[in-house]
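Thanks for coming. I will go through one structure this morning, starting with its aromatic rings and ending at its ligand.

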Amino acid sequence: MKRRDFIKTTAAGSTFILTSTGCTFCSTARGTGKHAHQSGRKIPVAYDVDVVVIGGSTAGVAAAVEASRAGARVFLAAREPYLGEDVCGTFRLWTNDRSIVDTELGAAIWGDGLPSQLEAKKALDDALINSKVSFLYSCFVTDILSDESGRMAGIIMANRSGRQAILARTVIDATPRGIVARMAGAKFGNYPAGKQAFKFTVVGNKMKSAPGLTGRFHEEPVQINFTSAGNPSDGSFQKANIQYKAIEYAIQVDMKDGTWASFAEAEQVARDLTWDADQVESADLLFQNPPDKMVGQEKWDDAEVDLEGINLKVFQPEKADNIFVLSGSASLSEKAAETLLEPGKMIRIGERIGAEAAMVARSLPAAGGPVVRGNPDPGAEKGDVGELLEGLRPTLNQGEVVSEDTTLPVLGKYDVVVLGGGTAGAPAGVGAAQKGARTLVVDYMHGLGGMGTLGMIGKYFHGYREGYTNVVDRGVKQMGPDHPRKKDHLDWWVFDWKTEYFRKEIRESGGEIWFGALGCGTFVENNRVRGIVVATPEGRGIVLGHTIIDSTGSADAAIAAGAAYSYTGGNSVAIQGAGVPFKNPNDFYNNTDWTFINDSDILDVWRVMVVAKDKFEGQYDIGKIPQTRERRRMVGDFTISVLDVYNGRTYPDSISLHKSSFDTHGFTEDPFFSLKPPEHGGIDVFAYVPFRALLPKGLEGIVVTGLGASADRDAMPVIRMQPCLQNQGYAVGRAAVMAARGDREIRYIDIKALQGELVEIGSLPETVLSDVDNFPPRDEEIREAVNTVVNNLEGLETVLWDRERGTEALKSAFHGTGNEEHKLVYARILGMLGVADGWQELIKAIKGYDNWDEGWNYTGMGQFGRSISYLDSLIIAAGRTRKKEALPSIFRLMGKLTPESHFSHFRAVAIALETIASHEAAEPLYKLIQMPGVRGHTMLDIETAMEIAPKFKNDVTTRNKSLRELILARALYKCGDVDGVGRQILTEYSRDLRGHYYRHSSGVLVD
Ligand SMILES: Cc1cc2nc3c(=O)[nH]c(=O)nc-3n(C[C@H](O)[C@H](O)[C@H](O)COP(=O)(O)OP(=O)(O)OC[C@H]3O[C@@H](n4cnc5c(N)ncnc54)[C@H](O)[C@@H]3O)c2cc1C
């Protein structure tokens, strides 16, 4: 856990004063209201290339491939979590133009006729991978770099890893609206206010008619070859032959102007007008032939386009020979742009521009002193931008560039800003908007509901379903009360209905929604979070809010503002299993667990998104957000422990009630569970979350919901269920309104008044109104539990709850008893806590084993109960006493391990030996590592990642093998190493594409 060192960069000397301005209740906004300050900073360089392509359109990919073939080093940054924004994002896959297969990429996508989403996306991935082009998904360009001569020298991009620089001699701007060229100062026409024509595609729906709306059915239907089994234990896919008709709508939208907010609203209008209960899929993006084209070096006035003859200067802004605009924003006649924007048409232009860009890059000297030029304004909003600037991974950085002191535009001011419209965030938006607060919900996806909708987890597993969640469940059913797709169970839902339900609730309450915009920082003044920094397709800006609700599920905003957090690292590689699901239209529940993913590591996310397309070949599509059960958790005013949950701790400030089993999807780490494993999945535990666990320590103006809340990792399985997080989100939305309305910090709202409201709607039981903290246990309770603990560890939860007092009581019981069996019970507990008193008993007990007992292999899906054996626990406990005398007994058992032995035995040995940290242990560990099959399980490149990912959706093989190798190498390294083998393996894993292995191995090497 570390506190991020952001706070010192905030504007010095400014004081915190609240003044009322234009918002409904109040606002923290001051200054000009138009701009906000960002201090000078250094931005790590992620790639140094000849050509950077911004945008993952088909033409962008073609350009990247061709530039690479021409010998250029190329990087491509796609905006969506896939390639093909122009055809997959807009769902414009249909074409009657057979010349489309004349290009290699066109043939790869359309050669077999109308492709599925997955086929198109995979063909694009393959094209880049085969051409050795580096690329990433979900990246937004935020700034441009210019060199000493004023020439464009690269770009800055934002993604879930933070912001990074790409040094480049040439930029191909494949964004639909030419955003890079705009940032570079190219001239564009004015975006005309008034009615504008857009296109939007939906699948499965009935044809709608409305003023300004006309639609046409595509002749060829969307073809589905599989359906979701809907059964988590069923690894197979059900074959199917299902067709859905797709409609392409032309929509006239009243546009105020060409700002991001207007485009975001246009997307909402398109969804308002076209949704119905039959919808099984919809486009992510609106399509438009931009009316405000760039002023190019040449203009193309003809209606037709000669793909081979058109002068490429049409695609270049004036006075910028190293920028190409590869989209409908180029200097084209409207008709010519219309033609070129037909699916696949622009690919040939992309190829030509790719080759040209490579040539231009070759002709240019290396950029001298690239910098992000500043534009300071003393009148700007006081404060500063907090953000992650560690690079994709610090070890991959290629230097850094300076970003000068500057200002960012203020994109809006709200009472409540919700970042992340997922399981908890969408209800937070509803809760705030329904109370009349000016509310904005921002998500980088194109739908609300997070894991429960886009994440393909369309039903509850356990969970407290009363209160607001009950309202949601019934409301979702009302989206199609008599519809044949309606699910019989109250706790199952149709994907499209739930995401639409939340959207309507927010919009009908007056809230605003921005899809396709990424939160990439916070605006902070004197430890008060005043807003979020948002990267949009139209550039980066700040959204000010009285209270920020961080519902990213990873505490993105809180951590950017400087909050400490806990996660994997040098001390721990424990993380719950994760996956990316397959997705066919109308699927609602595809639960997977086949890898580990750090969804705040864009390289790791890229890896799983590429691999999933390979793994689920034949399906119509894959999901758009990784299915991660465990994420970064910020450190709050209060951190919920395993034993708080296990003991049913009550609090005076409970804000949500949670109910589930300890569904751990992997091994646990808490000493309590190492002794007394969590119960089986059928057994529910109730847990309260106190409001303090949602408030990042040391920060005002911000509250965190969902998986990013402050809790120990092993406590989280009981807290993470959707019904409970929906209630939590709604409650936090209400809390934020109370803060804004009372013009006070959210930390100081009248919690009892809020609880009263939540009790009234059934989200909380009445008892919370009089609950007091029932921690710590009384002395006599501990004494009694220490006596009963010898009986199958009865009462261990009471003994360990208050660790310090429990340890003292255990020690005196250990020394006070003459009963050998009881002594061993106490010795095992004490050893697990790192107390050495019972070391002799532990060694004696280990000596009693001739061979290993039944161990545990890494299990993700369906993992309940123990993850170590009894003998494993004795070995870990003995190791934690740090007594070297334990070594011979451990070495003896190590000699009996074979490559087929259970993973938990290797892990137990490794934990014990690295804790004792004697060089004597190095050789035996080295021998284990030399056993056949133990070494060689890193995933250093995408080809290997694809090759070794088995097809099974709940596969565990790669994790069992890699974890064993990594954990043994760590122990060897910590015991002094042999021939540098431990270090070598750790170094290899520090370059692994899998984010958690990278975090762990590099953390161990640093420690
Ligand atoms: C595979 C799997 C199976 C599960 N099975 C069940 C089950 O059967 N039943 C059950 O009840 N629970 C289940 N869970 C648990 C539950 O679904 C999750 O714990 C819960 O949905 C998490 O809610 P959240 O609000 O914290 O995050 P999410 O629902 O993931 O919401 C986070 C939202 O924030 C957005 N976001 C993130 N970062 C940014 C950013 N920087 N800028 C803009 N937007 C951002 C995301 O797009 C997303 O919409 C499962 C979870 C997983 C992964």
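Before the rings, one definition: the rings of Phe, Tyr and Trp, taking the six-membered ring of Trp, count as a pair if their centres lie within 6.5 Å. Keep in mind throughout that this is a predicted model. How many aromatic pairs does the structure hold? On that criterion there are 29 aromatic pairs.

I will take one of them as the example. Phe 596 and Tyr 997 pair edge-to-face, with 6.0 Å from centre to centre and 90 degrees between the planes. Edge-to-face here requires planes over 60 degrees apart. Where do the two partners come from? Phe 596 is in the loop between β26 (582-583) and α13 (602-615), while Tyr 997 belongs to helix α31, residues 995-1006, so the pair ties together parts that are 401 residues apart in sequence.

Are these two residues buried or exposed? The cut-off for buried is under 20% relative accessible area. Phe 596 has 4% relative accessibility, so Phe 596 counts as buried. Tyr 997 has 1%, and therefore Tyr 997 counts as buried as well.

The pair also belongs to a cluster. Phe 596, Phe 667, Trp 856, Tyr 858, Phe 903, Tyr 989 and Tyr 997 form one aromatic cluster. Phe 667, a member of that cluster, has a charged residue at its ring: Arg 907 lies over the face of Phe 667, 4.1 Å from the ring centre. A second arginine to note is Arg 632, whose charged end sits over the ring of Tyr 565 at 5.8 Å from the centre.

Next, some polar contacts away from the rings. Gln 576 is in the loop between β24 (565-566) and β25 (578-579). Gln 576 has a relative accessibility of 2%, so Gln 576 counts as buried. What does the side chain of Gln 576 contact? The side chain of Arg 720, in a polar contact of 2.4 Å. Please remember Arg 720, as I will return to that residue at the ligand.

Asn 954 is another loop residue, placed between α28 (942-948) and α29 (957-974). With a relative accessible area of 10%, Asn 954 is buried. The side chain of Asn 954 reaches the backbone nitrogen of Asp 593 at 3.1 Å.

Now the backbone. Most residues other than glycine have a negative phi, and most peptide bonds are trans. Which residues depart from that pattern in this model? I have three places to show. The peptide bond joining Phe 775 and Pro 776 is cis, with omega about 0 degrees. Pro 776 is in the loop between α18 (751-760) and α19 (779-788).

The other two places concern phi. Lys 319 has a positive phi, near 60 degrees, and is found in the loop between β13 (281-282) and β14 (323-325). Met 456 also has a positive phi, near 65 degrees, and lies in the loop between β19 (439-443) and α10 (468-477). As for their surroundings, Lys 319 is at 86% relative accessibility and so counts as exposed, whereas Met 456 is buried, with a relative accessible area of 0%.

Helix α10 contains Thr 469, which is buried at a relative accessible area of 0%. Thr 469 and Asn 586 are 117 residues apart along the chain, and their C-alpha atoms are separated by 23 Å.

Last, the ligand. Which residues are closest to the ligand? Of the 36 residues that surround the ligand, the closest are Thr 423, Asp 443, Phe 461, Arg 631 and Arg 720. Arg 720 is the partner of Gln 576 in the 2.4 Å contact.

Three contacts involve nitrogen atoms of the ligand. A polar backbone atom of Phe 461 is 2.8 Å from a ligand nitrogen. For Lys 459, a backbone N or O atom lies 3.3 Å from a ligand nitrogen. In Arg 160 the contact is through the side chain, where an N or O atom is 3.4 Å from a nitrogen of the ligand.

How much of the ligand does the protein cover? On its own the ligand has 1000 Å² of accessible area, and the protein covers 98% of that. The elements giving two or more residues to the shell are β21 (518-525), β28 (627-628) and α17 (722-741). Helix α17 gives the largest share, three residues. By type, the shell divides into 15 nonpolar, 14 polar and seven charged residues.

That is what I have; questions are welcome.

Terms used
Residues numbered from 1 in each chain as written. Predicted model: local features only at pLDDT ≥ 70, side-chain atom pairs only at ≥ 80, totals over all residues. Heavy atoms only, no water. Near = heavy atom within 4 Å. Polar contact = N/O pair within 3.5 Å; in protein donor to acceptor, adjacent residues only side chain to side chain. Areas by Shrake-Rupley, 256 points an atom, 1.4 Å probe, with all protein chains shown as cover. Helix = DSSP H or I, 4+ residues; strand = E, 2+ residues; numbered from the N terminus. Nonpolar A, V, L, I, M, F, W, Y, C, P; charged D, E, K, R; others polar. Phe/Tyr/Trp six-rings, centres within 6.5 Å; stacked < 30°, edge-to-face > 60°. Buried < 20%, exposed > 50% of the residue type's maximum accessible area, 1.4 Å probe, protein only. Lys NZ or Arg CZ within 6 Å of the ring centre and 35° of its normal.
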